[in-house]
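Work through the exercises below with the model open. Each task is followed by a solution in steps.

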Amino acid sequence: MATLEKTAVAENNAKRMTLDEMELPMGKRARLHRLLYEFGPGNGTLMVLPIDQGLEHGPIDFFENPASADPDFQCQLALQGGYSAIATHIGLAEKYVKRYAGKLPLILKLNGKTAVPPANAPLSTLTSTVEDAVRLGADAVGYTLYVGSSRQDEDLDQFCQVRQEAERYGMPTIIWAYPRGESMVEKGGIDSLYAIDYAARVACEVGADVVKINYPEFNPEKAAKYPKPYDTLNLSFEDRVRKVVQSAGRTLVIFSGGSKVTEDKLISNVQTAMNCGANGLIFGRNMWQRPMDEALRISQRVSEILKNS
């Protein structure tokens, strides 16, 4: 068993990063305090409902629950379900979320791309600005960073400009840290521990206040492709989650739900994330692809876990 497994993982006490430890400037601290303590489950946790899939995937994601094609469905779910915030692009924010101003915090997603071009060299370009977020009363901005893409030079430069603008306005920045591109595929896949661990560290290094990451997977058929020492690590699911939280350093970590899973699996993943030091969850399709009553019931279960973590 590799030394890394015995030390960096086994000795971690899964302590959750707090707002005090982040030493943020006043504007960022005030906005994050609202998200972490004044809305949603509170207790220093985040429960976010994203609805950027219409741009990223197209209308296909709404077929399973036709009611969800109307963004007001997600707004009502976020409001009634007690979410910390809803994350949308500027068009939905201005056309739908604005009627919930003051009642439902907004995370404005600043960049995006469609699923139409090939995914071998992705870049998510800007669709709005930090100034738009301030104008709309948002409490944070979201930015998708494709770690490992052959276009990451453009991506990092674009994010640098966003980060500088966010610093001027005192706006917290959440990075959607997604391993992508041919090089990541060749190194064992975009959801491997190597890939997610790298993405978590990159988000911390480039200045994210919060990082959204996926749960790291282990595929024995691809393990030989993982860079050393990841090719020899034999970690449990819990230790993989704990490891990527560690790599995020003084950056709040929220885990993505990804594609819809069973309720038992969803709740189990939530409990694991919180046990391993995460600050919360960002669940989209896992919630709004369900009928409203079911989505609200599951949201309540997730909220109770976060309140008691």
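Helices (H or I, at least four residues) and strands (E, at least two) are DSSP runs, numbered from the N terminus. The model is predicted.

**Exercise 1. Locate Asn43 and Glu23, describe their backbone, and classify their exposure.**

Step 1. Asn43 lies in the loop between α3 and β1 (46-50). Glu23 belongs to the loop between α2 (19-22) and α3 (26-38).

Step 2. Check phi. Asn43 is not a glycine, yet its phi is positive, about 60°. Glu23 is not a glycine either, and its phi is positive at about 55°.

Step 3. Classify exposure. Exposed means over 50% relative accessible area, and buried means under 20%. Glu23 has a relative accessible area of 62%, so Glu23 is exposed. Asn43 has 33% relative accessibility and therefore counts as partly exposed.

**Exercise 2. Work out which residues of α5 are buried and what they pack against.**

Step 1. List the buried residues. In α5 they are Pro71, Phe73, Gln74, Cys75, Leu77 and Ala78.

Step 2. Recall the helix geometry. An α-helix has 3.6 residues a turn, so residues three or four places apart point the same way.

Step 3. Find the partners. The buried residues of α5 pack against β1, β2, α6 (90-95), α13 and α14 (292-307).

Step 4. Look past the helix end. Just after α5, Gly82 has a positive phi of about 70°.

**Exercise 3. Compare the settings of Ser84 and Gly112.**

Step 1. Place them. Ser84 sits in the loop between α5 and β2 (85-88). Gly112 is part of strand β4 (residues 111-112).

Step 2. Classify them. Ser84 has a relative accessible area of 0%, so Ser84 is buried. Gly112 has 6% relative accessibility and so counts as buried.

Step 3. List contacts, leaving out residues up to four places away in sequence. Ser84 touches Leu35, Phe39, Gly40, Pro41, Thr45, Leu46, Met47 and Pro105. Gly112 touches Leu55, Glu56, His89, Ser124, Thr125 and Thr127.

Step 4. Add a distance. Asp70 and Gly112 are 42 residues apart along the chain, and their C-alpha atoms are separated by 20 Å.

**Exercise 4. Classify the ring pair of Phe62 and Trp288, then survey the other ring contacts.**

Step 1. Choose the descriptors. A pair of aromatic rings is described by the distance of the centres and the angle of the planes.

Step 2. Count the pairs. There are eight aromatic pairs.

Step 3. Classify this one. The ring centres of Phe62 and Trp288 are 5.3 Å apart and the planes stand at 40°, so the pair is tilted.

Step 4. Place the partners. Phe62 is in the loop between α4 (53-56) and α5 (71-80), and Trp288 is in helix α13 (residues 285-288). The pair links distant parts of the chain, 226 residues apart. Phe62 and Trp288 are both buried.

Step 5. Look for a cluster. Ring pairs link Tyr194, Tyr198 and Tyr230.

Step 6. Look for charges over rings. The charged end of Lys109 sits over the ring of Trp176, 4.7 Å from the ring centre. The charged end of Lys265 sits over the ring of Phe237, 5.5 Å from the ring centre.

**Exercise 5. Describe the largest cavity and the largest pocket.**

Step 1. Start with the cavity. The structure holds one cavity of 30 Å³ or more. The largest cavity has a volume of about 70 Å³.

Step 2. Name the lining. Leu193, Tyr194, Glu217, Phe218, Tyr226, Tyr230, Leu233, Leu235 and Arg240 line the largest cavity. By class, this lining has seven nonpolar, no polar and two charged residues.

Step 3. Turn to the pocket. The largest pocket has a volume of about 840 Å³. Its lining holds 38 residues, and those closest to the centre are Arg180, Asn214, Gly258, Ser259 and Arg285.

Step 4. Assign the elements. Those giving two or more residues to the pocket lining are α4, β6 (140-147), β7 (173-179), α11 (237-247), α12 (263-275) and α13. The largest share, three residues, comes from α12.

Step 5. Sort by class. The lining of the largest pocket has 16 nonpolar, eleven polar and eleven charged residues.

**Exercise 6. Find which residues a cis peptide bond joins.**

Step 1. Check omega. The bond between Lys228 and Pro229 is cis, with omega about 0°.

Step 2. Place the proline. Pro229 is in the loop between β8 (210-213) and α11.

Definitions and conventions. Residues are numbered from 1 along each chain as its sequence is written. This is a predicted model: local features need pLDDT of at least 70, side-chain atom pairs count only at pLDDT 80 or more; totals for chains, interfaces and linings use all residues. Side-chain values use heavy atoms; hydrogens and water are left out. Rings of Phe, Tyr and Trp (its six-membered ring) pair if their centres lie within 6.5 Å; planes under 30 degrees apart count as stacked, over 60 as edge-to-face and the rest as tilted. Buried means under 20% relative accessible area, exposed over 50%, partly exposed in between (1.4 Å probe, protein chains only). A charge sits over a ring if NZ of Lys or CZ of Arg is within 6 Å of the ring centre and within 35 degrees of the ring normal. On a 1 Å grid over the protein atoms alone, a cavity is a set of points where a 1.4 Å probe fits but cannot get out, and a pocket is an open set with protein on both sides within 12 Å along at least five of seven lines; lining residues have an atom within 4 Å of a point. Grid points are joined across faces, edges and corners, and a volume is the space filled by probe spheres set on the points. Ala, Val, Leu, Ile, Met, Phe, Trp, Tyr, Cys and Pro count as nonpolar, Asp, Glu, Lys and Arg as charged, and the others, Gly among them, as polar. Contact means heavy atoms within 4.5 Å.
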